[in-house]
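Q: I have a protein model open and I'm not sure how to read it. Can you walk me through it?
A: Happy to. Let's put it on screen and take it one feature at a time.

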Amino acid sequence: MKLDLTDMLYAMSFALDRVEMEILGTDTGHGRHAAYLSLLMGRKAGFSDEELRDFVGCCLLHDNALTEYIYEELAPSPRAEDLSIKLSDLSEPQKTEFYHGHSVIGEHNIRLLPFRTDVKNIILYHHENADGSGPIGMTASDIGLKPQILHLADRVDVTSRLKTMDLAEFEKVRQWVKSEEGTSFSKEAVELFLKTVDYDKILYLQEKGVRAFLHEQLSEEILDYSDEEIRNITGMFAKIVDYKSEFTRTHSTDVARKAEFMAHYYGFGSEKAIRFYFAGAMHDIGKLIVPNDILEKPGKLTFNEFEEMKNHAAATYYILSQMKEISDIREWASRHHEKLNGTGYPRGLEAKDLTFEDRLMACIDIYQALTEKRPYKEGLSHEESISIMMEMVKKGEIDENLVHDIDVVMKEHFQ
């Protein structure tokens, strides 16, 4: 399957930044800002175009493991309110473990991506201080230049507001960076920052944005990835979505597996089947913008809460629209809540507007949601789930033929 990986990682960083805003209260665009500053410094350091492309990818995703770490380590049995943490409220040992833990998991996750240059330890060491006082205890001389650059870019963005920064504030940031030389930041990283990041670069960020800069600096590169590479790429992001709620821990990955299986059942062909897998894995990417107190609410949602929940389908459309070569995937993924009788969302489409693939994705999502445990219910049996889906058929909401086929296939292969 053909894909511009940098394009995809940039699109996904939008969703990741929303998660980071909710959990840590960082400014919107944190991953993109860190990538912007790192690209400036990396170019000055003499990294090749191929190295820069992969380095930017790591910077965009440097905090990819936040939700996974919080659920696995900080809140193994979380309630909604457990997800929102403030680093200022953590003890120093807890802060150290937080920085260490999500860096280790993030490093593991990033190795699923098909980078072509050596990106080892960029994310693992991105919280290490030059003097060895970071969470792992590595000094600048131990870790190489790329993690040092990302560490500096990360700290600058977290401690300031690049999108609204004026000249006086920028000068304070420069002085602060200088003052941290030898402790937080290495001499080489500080010199790169001071030589390359002037106030004109901040104004460019504020006026044109990171995407425009990436397009200027990194040429378009659409490559052909294997089915296994596509599963790894999308599986990484599906896991991030699923970890946003303990009650949907495997929802996206299970929808993706069932989507690919049904694609082969209907004879889609291998290329279309992996694209359908992609759509299944990404169908709920928009949920990363939905607050966890809604996703995790044990009771019935209020009208306003449900309206906010419905925004996730439109957000999926928006995120996937930022990627080239996948307009078909975008439609299949974002229409999984549309109904044949026009009562679905986000666009209220009707039968005449919905393709076979749209209808199939909707049925797979419904089946998966019915059979898995949620805050308000236990998972239903196969028979109970199909019975409910047939009631939806009677209301004119979903396709009867597809429900019959799902009944046969899921009973035989997924029970």
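Q: What kind of model is this, and how many helices and strands are in the chain?
A: This is a predicted model, so keep in mind that nothing here comes straight from an experiment. The chain has 20 helices and 2 strands.

Q: How does the radius of gyration of the chain agree with a compact globule?
A: You set the value beside the one expected for a compact globule of that length. With 415 residues, such a globule would come out near 22 Å, and the chain has 23 Å, so the two agree. If you box in the C-alpha atoms along the principal axes, you get roughly 70 × 45 × 35 Å.

Q: What share of the residues is buried?
A: Buried residues make up 56% of the 415 in the chain. As for the outside, the accessible surface comes to about 17,200 Å², and carbon and sulfur atoms account for 49% of that.

Q: Which contacts in the chain join residues at least 24 apart?
A: Take the contacts between residues at least 6 apart in sequence: 71% of them join residues at least 24 apart.

Q: How do I read a core, and which residues have the most contacts inside the largest one?
A: Here's the general idea: in soluble globular proteins, nonpolar side chains tend to be buried together. In this chain, the largest nonpolar core has 107 residues, and Met12, Phe237 and Phe278 have the most contacts inside it. Helix H1 (residues 5-24) gives the largest share of this core, with 10 residues. A second, separate core has 5 residues, among them Leu66, Tyr69, Phe98 and Ile105.

Q: What is Phe237 in contact with?
A: Skip its neighbours within four places in sequence, and the list is Met8, Leu9, Met12, Leu16, Leu61 and Met282.

Q: What about charges: how many positive and negative side chains are there?
A: Count 49 positive and 74 negative ones, with the centres of the two sets 2 Å apart.

Q: Is Lys146 buried or exposed?
A: The cut-off for buried is under 20% relative accessible area. Lys146 has 13%, so Lys146 counts as buried. Lys146 lies in helix H7 (residues 145-158). Leaving aside neighbours within four places, Lys146 is in contact with Phe47, Glu51, Phe55, Asp118 and Ile122.

Q: And where does Arg231 lie?
A: Arg231 is in helix H12 (residues 227-242). With a relative accessible area of 25%, Arg231 is partly exposed. Not counting residues up to four places away, Arg231 touches Glu260, Ile274 and Tyr277. Arg231 and Arg257 are 26 residues apart in sequence, and their C-alpha atoms are 9.7 Å apart in space.

Q: What should I look for in the backbone angles?
A: Look for exceptions to a general trend. Most residues other than glycine have a negative phi, and most peptide bonds are trans. Asn121 is not a glycine, but has a positive phi of about 75°. Asn121 sits in the loop between helix H5 (92-110) and helix H6 (140-143), and is buried at 16% relative accessible area. Glu325 also has a positive phi, near 70°. Glu325 is in the loop between helix H16 (303-321) and H17, and counts as partly exposed at 42%.

Q: Which residues does a cis peptide bond join?
A: Tyr345 and Pro346, with omega about 15°. Pro346 lies in the loop between helix H17 (327-334) and helix H18 (356-371).

Methods
Residues are numbered from 1 along each chain as its sequence is written. This is a predicted model: local features need pLDDT of at least 70, side-chain atom pairs count only at pLDDT 80 or more; totals for chains, interfaces and linings use all residues. Side-chain values use heavy atoms; hydrogens and water are left out. Helices (H or I, at least four residues) and strands (E, at least two) are DSSP runs, numbered from the N terminus. The radius of gyration is taken over C-alpha atoms; the globule rule is 2.2 Å times the number of residues to the power 0.38. Buried means under 20% relative accessible area, exposed over 50%, partly exposed in between (1.4 Å probe, protein chains only). Contact means heavy atoms within 4.5 Å. Accessible areas come from the Shrake-Rupley method with a 1.4 Å probe; for residues, only the protein chains shown count as cover. Lys and Arg count as positive and Asp and Glu as negative; His and the chain ends are not counted. The place of a charge is taken as NZ of Lys, CZ of Arg, CG of Asp or CD of Glu. A nonpolar core is a set of buried Ala, Val, Leu, Ile, Met, Phe, Trp, Tyr and Cys residues joined through side-chain atoms within 4.5 Å.
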